[in-house]
Protein chains: 2
Amino acid sequence: MIRVLLAEDQGMMRGALALLLDLEDDMEVVAQVAAGDEIVPAALEHTPDIALLDIELPGRSGLDAAAELRQKLPGCAVLILTTFGRPGHLRRAMEAGASGFLVKDRPVEELAVSIRRVRDGERVIDPALAAAALSAGPNPLTQREREALNAAVDGATVADIADRLSLSRATVRNYLSSAIGKTGTRNRMEAVREARRNGWL
Amino acid sequence: MIRVLLAEDQGMMRGALALLLDLEDDMEVVAQVAAGDEIVPAALEHTPDIALLDIELPGRSGLDAAAELRQKLPGCAVLILTTFGRPGHLRRAMEAGASGFLVKDRPVEELAVSIRRVRDGERVIDPALAAAALSAGPNPLTQREREALNAAVDGATVADIADRLSLSRATVRNYLSSAIGKTGTRNRMEAVREARRNGWL
DNA sequence: GCGTACCCGTGACATTTGTCCTGCCGCACT
DNA sequence: AGTGCGGCAGGACAAATGTCACGGGTACGC
């Protein structure tokens, strides 16, 4: 019996996946959480064999939780299940010790299959995505550039960002300009989009 | 037997929902589509009793398709199933003749229940969302203001937008400025966010 | 007919944004 | 000891953005 922990914020998706996995006669969903910061506590309590984690979660990123989970509960394999196939996300997932990376676009049938393959020690990664991650190269943005871009997503002005990061406005503009240069874009919004697309944020 | 058409772009979600609905002994998924422009043709071919439509779809909006569907196949009720509870979307759904409006945040169990209630002629709407839609008032943006905002989402410059809409740059700036004023925001990005939040785009 | 709302445009203006150059500091690597 | 990189900041400048005041045109309702 494969014991599964399920982390997914959208109630309908979470419920549907849980029902489906419970239908498989060699699987059992032992814990369901909707927020990133509930993952590790729930895993420690229920000691699942496999953690099925979304990335975009309230409270804490699934990638973040995955890293801690691998440390505190090495017996539990991590399978990332996410909406977008961002090269940077795949890279970070592998660095965090994940055993697999699935995108929600694929048919449901693959899910149970992938879980079993992970249980058998295999790694499950979409070949096309793996190629994209290798060709895209590592994240070129520095910590501060990421923070500046992240603070700029919702239309904040330079002054807003400077306040939030406790920096000078000149410094913020330098970071943004640098990020725009590195992403090969024309303004901060394009830079945000490009960085997001690559999973650099 | 309730015959259901399912329109949802995310493969895993679509497959999971289809499996779940097929498990109900009074329901049958007779057609599945992944794009908005496949909805009407598929419905005309399979004549379902209920169309379960996502809003954000490639090719064509689910709301758009819903309006045509109600005209060409009045016997088929429309149930909108969407990620975000935007007041403007609810309003447009009602104007298009939808019988219900569900957000994907709710537990799966509600789905089958809602479908049966719609079949019985009831209307299914989250009360909190209905209140929000009423208090938000109608869409204040004109057609052109919407187009300008939509063209500005990905960081396009005024020149880009002007080219795409075949307008003068000065005109585009006026539309954007007007939209910024109507949304009570400080720049185009905040305006886009606010308009999106309300379902005005 | 008149008012109103939308469409489209121009010109002027202040502000914001993006770029480039300069400088200082600390840290790591050689 | 020197080099490079990242963090941090300031100044100067051109370009983009947002605002405002002003036109003209069409359509619709009263």
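Helix α10 (188–197) of chain A and its counterpart α10 (188–197) of chain B each put at least two residues into the lining of the second largest pocket. This pocket holds about 230 Å³ of space. Its lining counts 15 residues, and those closest to the centre are A:Arg188, A:Met189, B:Asn187, B:Arg188 and B:Met189. Sorted by class, the lining comes out as six nonpolar, six polar and three charged residues. As for how such spaces are found, a probe the size of a water molecule is rolled over the atoms, and that shows where empty space is left. Everything described here comes from a predicted model.

Both chains feed into that pocket, which raises the matter of how they are arranged. A turn of 180° with a shift of 0.0 Å along the axis lays chain A on chain B, with an RMSD of 0.1 Å. That is how a two-fold axis relates two copies. The contact between them fits in with this: 100% of the interface residues of chain A are interface residues in chain B as well, so the copies meet through the same surface.

Next comes the DNA, starting with strand C. There are 18 residues around DNA strand C, and the ones that come nearest are A:Arg173, A:Arg188, B:Thr142, B:Arg144 and B:Ser168. A:Arg188, already met close to the centre of the pocket, has a side-chain N or O atom 2.7 Å from a phosphate oxygen of DNA strand C. The side chain of B:Ser168 does much the same job of reaching a phosphate oxygen of this strand, with an N or O atom at 2.8 Å. B:Asn174 goes for a base instead: an N or O atom of its side chain sits 3.1 Å from a base oxygen of DNA strand C. Two or more residues of the surface near this strand come from each of α9 (169–183) of chain A, α7 (143–152) of chain B and α9 (169–183) of chain B. Helix α9(B) has the largest share, with five residues. Taken by class, the surface near DNA strand C splits into five nonpolar, nine polar and four charged residues. Looking from the DNA side, 58% of the strand C atoms within 4 Å of the protein belong to sugar or phosphate, and the rest belong to bases.

DNA strand D has 17 residues around it, with A:Arg144, A:Ser168, A:Tyr175, B:Arg173 and B:Arg188 as the closest. The side chain of B:Arg188 places an N or O atom 2.7 Å from a phosphate oxygen of DNA strand D. Phosphate oxygens of this strand also lie 3.1 Å from a polar side-chain atom of A:Thr171 and 3.1 Å from a polar backbone atom of B:Val158. Here α7 (143–152) and α9 of chain A, along with α9 of chain B, each supply at least two residues of the nearby surface. The largest share is from α9(A), again five residues. That surface contains four nonpolar, nine polar and four charged residues. Of the strand D atoms within 4 Å of the protein, 60% are part of sugar or phosphate and the rest are part of bases.

One last spot is A:Asp126, found in the loop between β6 (124–125) and α6 (127–136) of chain A. A polar atom of the A:Asp126 side chain is 2.9 Å from the backbone nitrogen of A:Ala128. Leaving aside residues up to four places away in sequence, A:Asp126 touches A:Phe101 and A:Arg106.

Technical notes:
Residues numbered from 1 in each chain as written. Chains lettered and ligands numbered in written order. Predicted model: local features only at pLDDT ≥ 70, side-chain atom pairs only at ≥ 80, totals over all residues. Heavy atoms only, no water. 1 Å grid on protein atoms, 1.4 Å probe; cavity = no way out; pocket = protein on both sides within 12 Å on 5 of 7 lines; lining within 4 Å. Points joined across faces, edges and corners; volume = space filled by probe spheres on them. Helix = DSSP H or I, 4+ residues; strand = E, 2+ residues; numbered from the N terminus. Nonpolar A, V, L, I, M, F, W, Y, C, P; charged D, E, K, R; others polar. Least-squares fit on C-alpha atoms with pLDDT ≥ 70 in both. Contact = heavy atoms within 4.5 Å. Near = heavy atom within 4 Å. Polar contact = N/O pair within 3.5 Å; in protein donor to acceptor, adjacent residues only side chain to side chain.
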